[in-house]
Structures are given as structure tokens and as C-alpha cells.
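Thanks for asking me to look this one over. My notes follow as numbered points, with the terms explained as they come up.

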Amino acid sequence: AKQREPNHTKEVTALINKFHPKSVLDAGCAAGLTSMLFAKQGVEAVGLDMSRPMMEQCHKKYDNSKLSLSFCKGNFENLPKKLYNSFDMVACLANSISGVSTIVGLGKAIRNFYKVLKPNGVLVLQMLNYASMKEGIIFPIKATENNGIIYERFSERQKNKLFVYVTRFDMNQKPPEFEIFRHQFDNYTTDQVMKKIKSAGFQRTKKYGNLLLNKKFLKLSSRDLIITAVKPLD
């Protein structure tokens, strides 16, 4: 998170400058970095994640921060009704939407994002652009190092599935110790997601190639797809 913070601060600032939210639901907040960055700039933030360990990390990090920041456990397909009509923005970033396991579930998730937004509220959805990834080719994502522990991340597309591989090297040990993790995600196409967004009632949809919202989305070359969509006024 510390390594991501400088660049991600610029991305959050770009979203605030573009849409001027006073409140945001960080859908798929993980350990709370995005939620914290919104709150640090005066936006009331609620972080939501279905992982109990992630919620524990969020509370441990930020419960005493004095920021306008809170967290709740839940999944996109069954958002608590107490959140309905509560937010100026729903930010579902970093391919969190891939945690929804079916097309039916994707539709439920996006309809729930619509429900928790206030009229004229905006959905910001970031996902990997699978069309830019050739099937069966190992695609490097990122390598990071922190206190002698190195993480390397790779992805591979196989038809409608995306596999993410993570290797963890502990260089503090002699010889170095390593672990390998493999995660599987569903592969939603741009057209599938756009169809669900429009059928939920969203309007004024736009596509971008990065989270700074200053690059055009190119279907065959953009690594990320960022979709923005607005809930119309009643």
C-alpha cells in the first residue's frame, strides 16, 4: 500500500476533481487504501469488502485516524439496504468486480451500485481489459519489494477465465523461501459489462484507458478499462 499510495493519490484526486463527490462507497476496499485517500481529501468514505481479514486490517489501521471513514462487511450482490441512496460515488476499482462469479451476479451487483447512489451519483468501475491479453500468454503485472520480501504478479487468460499467479520470495531467509499462489477470476467482456450498466438504469456512460481519466480507451491495447456512468435524476 505504501508503494501504491503516491500514484493512487493522483488517481483519487482526479476522480474528486472530475465528479466532486461528498460521499463515496469504496466497493471492494481490501485493506482500505482507496477509502483512506478519499477521506483524507474531505470525502466521507465507506469501505466495503466481503473478506473478514481485510475488514480487520481496515479497522486496525484506521479506526483511530479521526478521518470521516468507516467500514462494513458485505458483497456486491447483497448490499445492505441501509446504504441505499447514500452516496455521490461508488468506486469499484482494481478489478474488484471480477470477484462476482456469474453474469447473473454481475447484473445484481451493478443494480445494487445503482441503488446505493443518490440521483446524479456516479459509478466508477475499473477492470482489466481482457481483450488486450492474448490467450495462453503469461502477462506480467507488477513486481514489488518491501522489507526484503519480493512479490511478482503474472496473469494468463484462458477463454472466459483469468488466472493470476503470485510468487512470494522472502529474501531474509537463507536460502530464500518462496511460495506460489494461483487465483481464478471470471472474464467479463466490455460489452457484457456495458450492457448490465445500461440495463440497471445508468446513463451518460463513458470509457477511459486509465484512472486519471486522461487516456482514451483502446479496445485492443489499453490494459485497463474504466467505465463511468451516472444515475439520472428522479
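1. A word on terms to begin with: helices (H or I, at least four residues) and strands (E, at least two) are DSSP runs, numbered from the N terminus. With that in hand, G201, just after helix 5, takes a positive phi of about 115 degrees. Please keep in mind that this is a predicted model, where local features need pLDDT of at least 70 and side-chain atom pairs count only at pLDDT 80 or more, while totals for chains, interfaces and linings use all residues. Residues are numbered from 1 along each chain as its sequence is written, and side-chain values use heavy atoms, with hydrogens and water left out.

2. Let us stay with helix 5, residues 190-199. Its buried residues are T190, V193, M194 and I197; buried means under 20% relative accessible area, exposed over 50%, and partly exposed in between (1.4 Å probe, protein chains only). Seen down the helix axis, these buried residues fall within an arc of 100 degrees, so they line one face of helix 5. The arc is that of the directions from the helix axis to the C-beta atoms. On the face turned away from the buried side, helix 5 carries the exposed residues D191, K195 and S199.

3. What covers that buried side? Helix 4, strand 5, strand 10 and strand 11 are included in the cover over the buried residues of helix 5. V193 gives a residue-level view: leaving out residues up to four places away in sequence, V193 touches L106, I110, L125, M127, Y188 and I227. Contact here means heavy atoms within 4.5 Å.

4. Next, the seven-stranded sheet. This sheet is open, with the order 3-2-1-4-5-11-10 and mixed pairing; two strands pair if DSSP finds at least two bridges between them. Strand 3 (69-73) and strand 10 (203-208) are at the edges with a single partner strand each, so one side of each has no neighbour in the sheet. Neighbouring strands are turned by 15 degrees against each other on average, direction ignored. For such angles, axes are lines fitted to C-alpha atoms, for helices over the stretch in contact, and the angles run from 0 to 180 degrees between N-to-C directions.

5. Two pairings in this sheet are worth a look. Strand 1 and strand 2 are parallel, over five bridges, and L25 stands opposite V46 in strand 2. Five of the six residues of strand 2 are buried, so strand 2 is largely enclosed by the rest of the structure. Strand 5 (residues 117-128) and strand 11 (residues 224-230) run antiparallel and are joined by seven bridges, with A229 in strand 11 as the bridge partner of L123. Helix 4 (residues 103-116) packs on the sheet, touching strand 1 (23-27), strand 4 (87-92) and strand 5, and the direction of helix 4 makes about 145 degrees with that of strand 5.

6. The other sheet to inspect is an open one of four strands, antiparallel, in the order 6-7-8-9. Its edge strands, strand 6 (139-146) and strand 9 (177-186), each pair on one side only. Strand 7 (residues 149-158) and strand 8 are joined by 10 bridges, and Y151 has R168 in strand 8 as its bridge partner. T167, also in strand 8, counts as buried because its relative accessibility is 14%.

7. Which residues of the largest nonpolar core touch the most other members? Of its 38 residues, they are F76, I97, F113, V193 and I197. A nonpolar core is a set of buried Ala, Val, Leu, Ile, Met, Phe, Trp, Tyr and Cys residues joined through side-chain atoms within 4.5 Å. Apart from this core lies another, of 27 residues, among them I16, M55, Y62 and F71.

8. That other core deserves a closer look. M55 lies in helix 3 (residues 52-62) and is buried, at 6% relative accessibility. M55 and F71 are 16 residues apart in sequence, with their C-alpha atoms 7.0 Å apart in space. Y62 is buried at 12%, and F71 is buried at 10%. Y62 and F71 form a stacked aromatic pair, 6.1 Å centre to centre with 25 degrees between the planes. Rings of Phe, Tyr and Trp (its six-membered ring) pair if their centres lie within 6.5 Å; planes under 30 degrees apart count as stacked, over 60 as edge-to-face and the rest as tilted.
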